[in-house]
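Here is a set of short exercises, each followed by a worked solution. Keep the sequence and the 3D view open as you go.

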Amino acid sequence: MKHNYFMQRLSTIGRWMATTLFCLLAIAFVWQGAFFSNTSAMANPSANSVLLADAGNEVKSKASEDAGRAKGFIEDTKDKVKRTANKNAAKVDEATDNGSFAERKAKRDAARIQQRADEDASRTKEAVDNTKNVVEKAVDNIKDAFSK
């Protein structure tokens with residue numbers, strides 16, 4: 001019975017200690033924010049705009065670079081799809097008689113696959129360009145907002 005009473009008191013003391021520690025940490029964070037904030041950076045907004053312009057230019061160049069890489073990857077993928085379609089059509093052509101139904105179908109399928117590869121690649125490139133333009137426009141808007 002005494003053991004249970006002892007554990008109850010220990011639990012109560014533990015809750016009080018946790019509450020006290022939490023309050024002390026909250027006071028420390030408020031104190032640190034009030035006395036150690038760097039207000040000198042707010043005094044000169046032109047330095048911030050120069051840094052913002054540099055960061056904006058970096059973001060724009062990175063977006064252009066990534067868009068170029070993505071377009072290269074899209075072109076490579078399109079070429080691989082076309083090559084695979086041609087290989088499959090050639091294998092069917094070798095395996096069948098001249099002018100057979102399977103050969104004609106394989107050639108039609110290869111032509112359709114190549115056409116769709118071109119269409120998909122152009123749509124994907126357009127989406128990459130649109131995304132790059134959105135990023136550049138957002139950077140310009142942010143620069144304009146901070147330069148005023």
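Helices (H or I, at least four residues) and strands (E, at least two) are DSSP runs, numbered from the N terminus. The model is predicted, so local features need pLDDT of at least 70 and side-chain atom pairs count only at pLDDT 80 or more, while totals for chains, interfaces and linings use all residues. Residues are numbered from 1 along each chain as its sequence is written, and side-chain values use heavy atoms, with hydrogens and water left out.

**Exercise 1. Describe the overall fold of the protein chain.**

Step 1: Start with the secondary structure. The protein chain has 4 helices and 0 strands, and its order along the sequence reads α-α-α-α.

Step 2: Turn to contacts, meaning heavy atoms within 4.5 Å. Taking contacts between residues at least 6 apart in sequence, 76% join residues at least 24 apart.

Step 3: Look at the surface. Accessible areas come from the Shrake-Rupley method with a 1.4 Å probe, and for residues only the protein chains shown count as cover. The protein chain exposes about 11900 Å², of which carbon and sulfur atoms supply 62%.

Step 4: Finish with burial. Buried means under 20% relative accessible area, exposed over 50%, and partly exposed in between (1.4 Å probe, protein chains only). Of the 148 residues, 11% count as buried.

**Exercise 2. Work out how three charged pairs are arranged along their helices.**

Step 1: Recall the general idea. Side chains of opposite charge can pair when their charged atoms come close. The criterion for a salt bridge is a side-chain nitrogen of Lys or Arg within 4 Å of a carboxyl oxygen of Asp or Glu. The whole structure holds 13 salt bridges.

Step 2: Take D66 and K62. Their closest N and O atoms are 3.5 Å apart, forming a salt bridge. Both residues lie in helix α3, 4 residues apart, which is about one turn of the helix. D66 is partly exposed at 34% relative accessible area, and K62 is partly exposed at 41%.

Step 3: Move to K107 and E103. This salt bridge has its closest N and O atoms 3.3 Å apart. Both partners are in helix α4, 4 residues apart, again about one turn of the helix. K107 is partly exposed, with a relative accessible area of 45%, whereas E103 is buried at 7%.

Step 4: Compare R112 and D109, whose salt bridge has closest N and O atoms 3.1 Å apart. Because these two residues are 3 apart in helix α4, about one helical turn separates them. R112 is partly exposed at 38% relative accessibility, and D109 is partly exposed at 23%.

Step 5: Add the network. E75, K78, K82, D118 and K125 are joined into one network by salt bridges that share partners.

**Exercise 3. Place K78 in its surroundings.**

Step 1: Locate K78, which sits in helix α3. With 14% relative accessibility, K78 counts as buried.

Step 2: Check for a polar contact (a pair of N or O atoms within 3.5 Å; within protein, one must be able to donate a hydrogen and the other to accept it, and residues adjacent in sequence count only if both atoms are side-chain atoms). The side chains of K78 and E75 make such a contact at 3.2 Å.

Step 3: List the partners farther along the sequence. Not counting residues up to four places away, K78 touches A117, D118 and A121.

**Exercise 4. Which side chain of opposite charge is nearest to E136, and what does E136 contact?**

Step 1: Find E136 in helix α4 (residues 101–147).

Step 2: Look for a charged partner, with Lys and Arg counted as positive, Asp and Glu as negative, and His and the chain ends not counted. E136 is buried yet has no salt bridge, and the nearest side chain of opposite charge, K132, is 4.0 Å away.

Step 3: Look for other partners. The side chain of E136 makes a polar contact of 3.3 Å with the side chain of S64. Leaving aside neighbours within four places in sequence, E136 is in contact with K60 and S64.

**Exercise 5. Locate A90 and relate it to A110.**

Step 1: A90 is found in helix α3 (residues 45–95) and is partly exposed, with a relative accessible area of 34%.

Step 2: A90 and A110 are 20 residues apart along the chain, and their C-alpha atoms are separated by 9.6 Å.
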